[in-house]
Amino acid sequence: SKLDCNHPRNGCCENDNKALLQEWDAYHNWVSEACRRCVENFGFAMLFDVHGQSHRRLVTELGYLMSTEDLLLFDHVLEHSTQVTSVEALVRGEVKPAAGRPGGLGALLRGKSSLGAFLEAR
């Protein structure tokens with residue numbers, strides 16, 4: 001059987017395989033504990049889930065908890081979206097609101113100054 005820890009527990013493996021569900025639990029418990037310790041020690045945590053995809057060769061995608069439809073929106077529309085994303089703290093948190101960042105959420109997601117472009121360049 002195959003396990004995908006990026007899927008919700010319900011549906012992460014075939015036939016609710018108990019051994020694989022235990023592995024899913026162990027993985028997610030470890031990630032939660034690591035994030036908790038980072039927050040405890042540093043006041044924040046930033047978790048990146050970076051991996052390749054089988055549907056696009058030689059491409060690394062970053063997940064933002066956004067649908068394909070949302071990602072296809074024009075930046076000026078995206079800026080007014082109420083969709084909760086995994087990068088909220090970077091663009092809409094207490095530190096600096098999206099309006100105070102050049103390009104806001106759209107600039108973080110795509111383009112020459114995006115997080116993906118930054119990682120790709122390194």
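1. Start with F48. In this predicted model, F48 has 42% relative accessibility. Buried means under 20% and exposed means over 50%, so F48 counts as partly exposed. Look for F48 in the loop between helix 1 (18-42) and strand 1 (50-52).

2. F48 belongs to a nonpolar patch on the surface. The other members are F42, F44, M46 and V50. Together the five residues have about 560 Å² of accessible area. Set this patch against a general trend: in soluble globular proteins, nonpolar side chains tend to be buried together.

3. Now turn to the interior. Which residues form the largest nonpolar core? There are eight: Y64, M66, L78, V87, L105, L108, L109 and L115. Helix 5 (residues 104-109) gives the largest share of this core, with three residues. Another core lies apart from it and has five residues. Among them are C12, C13, L20 and W24.

4. V87 is a good residue to trace within the largest core. Leave aside its neighbours within four places in sequence. V87 is then in contact with Y64, L105 and L108. Those three residues are listed in the largest core too.

5. Check D70 next. D70 sits in helix 2 (residues 68-71). D70 is buried, yet has no salt bridge. How far away is the nearest side chain of opposite charge? That side chain is R110, and the distance is 9.6 Å. A salt bridge needs the charged atoms within 4 Å.

6. What does D70 touch, leaving aside its neighbours within four places in sequence? D70 is in contact with L78 and Q83. L78 also belongs to the largest nonpolar core.

Terms used
Residues are numbered from 1 along each chain as its sequence is written. This is a predicted model: local features need pLDDT of at least 70, side-chain atom pairs count only at pLDDT 80 or more; totals for chains, interfaces and linings use all residues. Side-chain values use heavy atoms; hydrogens and water are left out. Helices (H or I, at least four residues) and strands (E, at least two) are DSSP runs, numbered from the N terminus. Buried means under 20% relative accessible area, exposed over 50%, partly exposed in between (1.4 Å probe, protein chains only). Lys and Arg count as positive and Asp and Glu as negative; His and the chain ends are not counted. Contact means heavy atoms within 4.5 Å. Patches are made of residues with over 30% relative accessible area and no salt bridge: like charges are joined within 9 Å, nonpolar side chains (Val, Leu, Ile, Met, Phe, Trp, Tyr) within 5 Å. Accessible areas come from the Shrake-Rupley method with a 1.4 Å probe; for residues, only the protein chains shown count as cover. A nonpolar core is a set of buried Ala, Val, Leu, Ile, Met, Phe, Trp, Tyr and Cys residues joined through side-chain atoms within 4.5 Å.
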